[in-house]
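Here are my notes on the model you sent round, written so that you can follow along with the structure open. Take the points one at a time and find each spot as you go.

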Amino acid sequence: MPLVASTIAGAAIITPILVVFWRSFTSGRLGFDVGLNLANYARVFSDKDIMPMLSNSVIYAAGAALLGTVLGALLAWIVARTNTPGKALVELMPLYPILMPTIMKNIAWILLLAPKSGILNGMLQQFLGIETLVFNAFSMAGMIWVFGLACVPLGYLFLLPVFLSFDPSLEESAYIAGSKPMHTMLKITFPLAVPAFLSAFVLNFLRGLRSFETPVLQGTPGNIKVFVSRVYDSMALEFNTGLATSYSVVLVVLSVITLYFYVRATRFSERYATITGKGYRVRVIDIGRWKYMTFLLVFLYFLAGILIPFIVLIVVSMIPYYDYDTFMKFPSNAVLTNYFIVMKHPSFVTGLYNSLVLSVSIAVITVLAGITMAFTIYRTRAWGTKLFEFIGTLPLAFPPLVLSVGLVIIFIGTPLYNSLWALGIGLFVAYFPYAFRNASGSIVNIHKELDEAAWVHGAKWRHVFFKITLPILKPSVGGALFYIFIEAIRNVDVAVLLTAPGKEYGPVTLFEYFRVGQWAEAAAGGVIYLIILIVAVSMAKFAFKMKFSL
Amino acid sequence: MLTKSTMAVALSASILFGSVALAAEKAGVKDAGKEAIKDPKAAAQKVIPQQVRKEAGSANATASAKKAFEKVSQELYPKAKQEGNLIVYSVWDVEHLRVITDAFMKRYPGIKATYWQGRNPEIVTRVLTEFQGGQASFDVVLSDNAPPVIRAAGGIMPYETVQKDVLLLHDPTLPTVSLQIQALAFNTKKMKPAEAPKSWEEVANPKYKGMIALDDPMRAGPLSSMLAGLKTQWNDDGRFKKFLTGLKALNVPVHKSTSAMFRLMISGEYNIAMPALLHDVMEEMHKGTPVSYVKTNPPVLFPRQAGIYAKSPNPNTAKLFAEWLISEEGQKTIDSVGRESARNDFKSKTSIESAFGKGAKTLPVTDKLFLEDPKKWLDTFVKPIWEG
């Protein structure tokens, strides 16, 4: 049964990919039938700019993924395992930055880091007399910083359940042998978190390779060209989905190489089993004076991840226009005009409502399917299941527009076209890799002895899955649900081609203003959107005691 | 064994499903075979006469356009009412589409108008995929770059507006309902009007190095359309090459987002944005933002058109919508959302006459190859100089 479910999910994922792959063998623009040929691939592999662009892409994606995943893992360890003061605050602070979409971070950090007009360089000049332009948003470092911040949530949400469900006997053995707490952390705890860490890193790396907003907004002005712009140019300038797919195939190759290393690194999965059949409580470690440093680190991330960009957006949404002098005059020049404009937008409520309903459903279905596929790979002995490891991650190698073209071609002419189902399947395919990688990173940490005990007693797969695997995975399920819900509710890229006329999806208001570059109105919309989400998360946490992996 | 076969069956089903989808798509191409044209250039030359422009309006033209609109409206409305629906695909803001479709429905009761909004690449992709799939899925594509590209693939039903005499830019197969007007804008806190370049060509002067940001000339965006306009107007390859080489030699930041570049100019990051859109500049000037534009420099005019889809299920409603958009009432609605009028007799703050003065020269973009295959145009005329 898990195999059948996984195969259906795998088929749903692979079909649009096969469709666009097929198209890569036709070199004509959309609307022009030129027959099958290899011209697209000939173009891709004779493109002299491909190597410098790929090299920029790899530096950017690996840099951001490393920064984000390491920071996320560190935050997860601090929250789960240390005696850092202000427990309630420390648990909440890493959570809020997840709510801020990357494009909002981009705009806010451009305003902060722009060389001549940025807030930080302006302050250095005004208050410290430093004339040198220290910060530059339009540089590789600027890109890595902003996208790296956007990578932290995955690292945090993937690692937190691992640190929370750790069999302490592994660490206790080290203590008995005379190891100090920090040494134990470095030698025992962190190595055991490797599968989840690599899972998050792989996802963040692939997200970085195909991400477009940061390279467009921050890379292009700094003359940093990334590979994915070739994919978008194929679509935007040549209207040639086949060529776009041929370029995407290079990303697929990179993904396969990345996954190969992941599978190799975690091939002896029993080594990483930290959740065993023994009863235990996770031990909090006294890190001495370091606890103030860890509090500071969490607070600094909170500042950079949401508070500072949020304040920038609030000010920008209330001043007549942004430049450094006008920014610094706030609040004497505050006006609320942009808020009235946003509230009057015809789709403010409908778009939000539609996406709310769909993203809740998609988050639940995707997470369940992801766990099922991970369960099939690591807990059944069926032939060829390792193939799922690749299929389940594949959608991340395709830029959203290319992926949604495949879905449109499949659905066109069927009753599903222009229906909510098509949109739902599109979102499922797009977010499956997150659910799947999250589950596969966590399932490796569960010792097989728990399943084996059930099998020995004659349990069927459903008993093992629903009574053992799913309850143990509860913390990571919570995190994945939360992440996919937050991402799906603001999805524009995959949804756009699958949305029927007259049906708005997503917080149209907010993203429309970002897309057309009305930053002040976009900031106002962003502030309203964030306030709604922050209130919702805080209520869920405090009033309904909901746990987000905590 | 069972598990092996389950996987094999499901994956084969998936492949089969994919092949069926592709076969259906290909069949669609064959069905539409008469319309889907293999050679865009030959097709364009065959069916599309050159765009024409009429800068000056006249009272006679206004009166005859009004009469022609009333007549065509009376003819089309009963048929449109029978059709009952209108679906518009557009790049315009949802906020604007809502105002426009509401006004249309109010003017013509009994017709339900809905819309889908996407960016130009998304519109072209969706329209041509639906066209290939033989789908009668929508009626009008309302956009700037998309309609000529769709026309080149055979996806547009040619329609000539009856109000052509009042249009600044007229295309006999695609009704022009609005214009994208580019202006040479500068930050007044960073630069005095006297210091600003007096023409597009002067922007390439080395003295502006470090002050300017450029829209990416290698994408189908405002700067490349300006280049297409200048190339046609100058008809002088040496001058064109000198201008483009001069721009390149400035070695200034290049943006793929014109709006982000404009915001950064306002912020003081740049003195000049090359180019900016007139309606953005006007809106900011109205709010008191320190931005202005060079009034003596010919504005670039790029058509925004309402193309009728070749497989439109409601063709009469589509024609009525296009005609209504060009009518005085339609143009007032378009103006009310801050978009520029397509007519030479329409008075508003973004009209050529009020923004640039009576009899101002303009720079229209009429190059057919650029409009229909921007990639080919850029590869031929810009790439060798820009990337050479």
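1. Start with strands E4 and E12 of chain B, which pair in the antiparallel sense over four bridges. To find the spot, look for B:Leu142, which stands opposite B:Ala306 in E12(B). Keep in mind throughout that this is a predicted model.

2. Stay on E4(B), which covers residues 140-143 of chain B. Which way do its side chains point? B:Val140 and B:Leu142 point one way, while B:Val141 and B:Ser143 point the other way. Try turning the view to see both sides: all four of these residues are buried.

3. E4(B) has another partner too: E2(B) pairs with E4(B) in the parallel sense, over three bridges. A handy marker here is B:Tyr89, whose bridge partner in E4(B) is B:Val141. So you can put two pairings of E4(B) next to each other on your sketch: antiparallel with E12(B), parallel with E2(B).

4. Now follow E2(B), residues 85-90, across to E3(B), residues 112-117. These two strands run parallel and are joined by six bridges. B:Val88 stands opposite B:Tyr115 in E3(B), if you want a pair to click on. How do you get from one strand to the other? The route goes through helix H4 of chain B, residues 94-107, and the three elements make a right-handed β-α-β unit.

5. Next, the loop between strand E12 (300-309) and helix H11 (315-326) of chain B, where B:Ser312 lies. Is B:Ser312 buried or exposed? B:Ser312 counts as buried because it has 24 C-beta neighbours inside 10 Å, and the cut-off for buried is 20 or more. Leaving out residues up to four places away in sequence, B:Ser312 touches B:Asp139, B:Met157 and B:Ala318. Also have a look at B:Ala136: it is 176 residues from B:Ser312 in sequence, yet their C-alpha atoms are 5.6 Å apart in space.

6. Zoom out to the whole of chain B, with its 16 helices and 14 strands. Of its 388 residues, 56% are buried. If you take the contacts in chain B between residues at least 6 apart in sequence, 80% join residues at least 24 apart.

7. The domain assignment splits chain B into domain 1 (40-178 + 305-347) and domain 2 (180-301). Note that domain 1 is written as two stretches of sequence. How far apart are the C-alpha centres of the two domains? They lie 29 Å apart. Where the domains meet, seven residues of domain 1 are in contact with seven residues of domain 2. On the domain 1 side, those are two nonpolar, two polar and three charged residues.

8. Over to chain A and its helix H10, residues 194-210. This helix has 17 residues and reaches 24 Å from its first C-alpha to its last, close to the 24 Å expected at 1.5 Å a residue. H10(A) is mostly covered, with 16 of its 17 residues buried.

9. Also in chain A, find A:Gly242 in helix H13 (residues 241-265). Why call A:Gly242 buried? Because 25 other C-beta atoms lie within 10 Å. A:Tyr41 is 201 residues away from A:Gly242 in sequence, but 9.4 Å away in space, C-alpha to C-alpha.

10. Last, some backbone details to check. Most residues other than glycine have a negative phi, and most peptide bonds are trans. Two asparagines have a positive phi: A:Asn223, at about 60°, and B:Asn251, at about 55°. A:Asn223 is in the loop between helices H11 (213-219) and H12 (228-236) of chain A, and it counts as exposed, with 12 C-beta neighbours inside 10 Å. B:Asn251 is in the loop between helix H8 (237-249) and strand E9 (254-255) of chain B, and with 10 such neighbours it counts as exposed.

11. There are cis peptide bonds to look at as well. One runs from A:Phe330 to A:Pro331, with omega near 10°, and A:Pro331 lies in the loop between helices H15 (324-328) and H16 (337-343) of chain A. Another joins B:Met274 and B:Pro275, with omega about -10°; B:Pro275 is in strand E10 (residues 272-277) of chain B.

How values were computed. Residues are numbered from 1 along each chain as its sequence is written. Chains are lettered from A and ligands numbered from 1 in the order in which they are written. This is a predicted model: local features need pLDDT of at least 70, side-chain atom pairs count only at pLDDT 80 or more; totals for chains, interfaces and linings use all residues. Domain bounds come from an automatic or database domain assignment. Two residues are in contact if their C-beta atoms, placed from the backbone, lie within 7 Å. Ala, Val, Leu, Ile, Met, Phe, Trp, Tyr, Cys and Pro count as nonpolar, Asp, Glu, Lys and Arg as charged, and the others, Gly among them, as polar. Two strands pair if DSSP finds at least two bridges between them. A crossover is right-handed if, with the strands pointing away from the viewer, the path from the first strand over the helix to the second runs clockwise. The expected span of a helix is 1.5 Å times one less than its number of residues.
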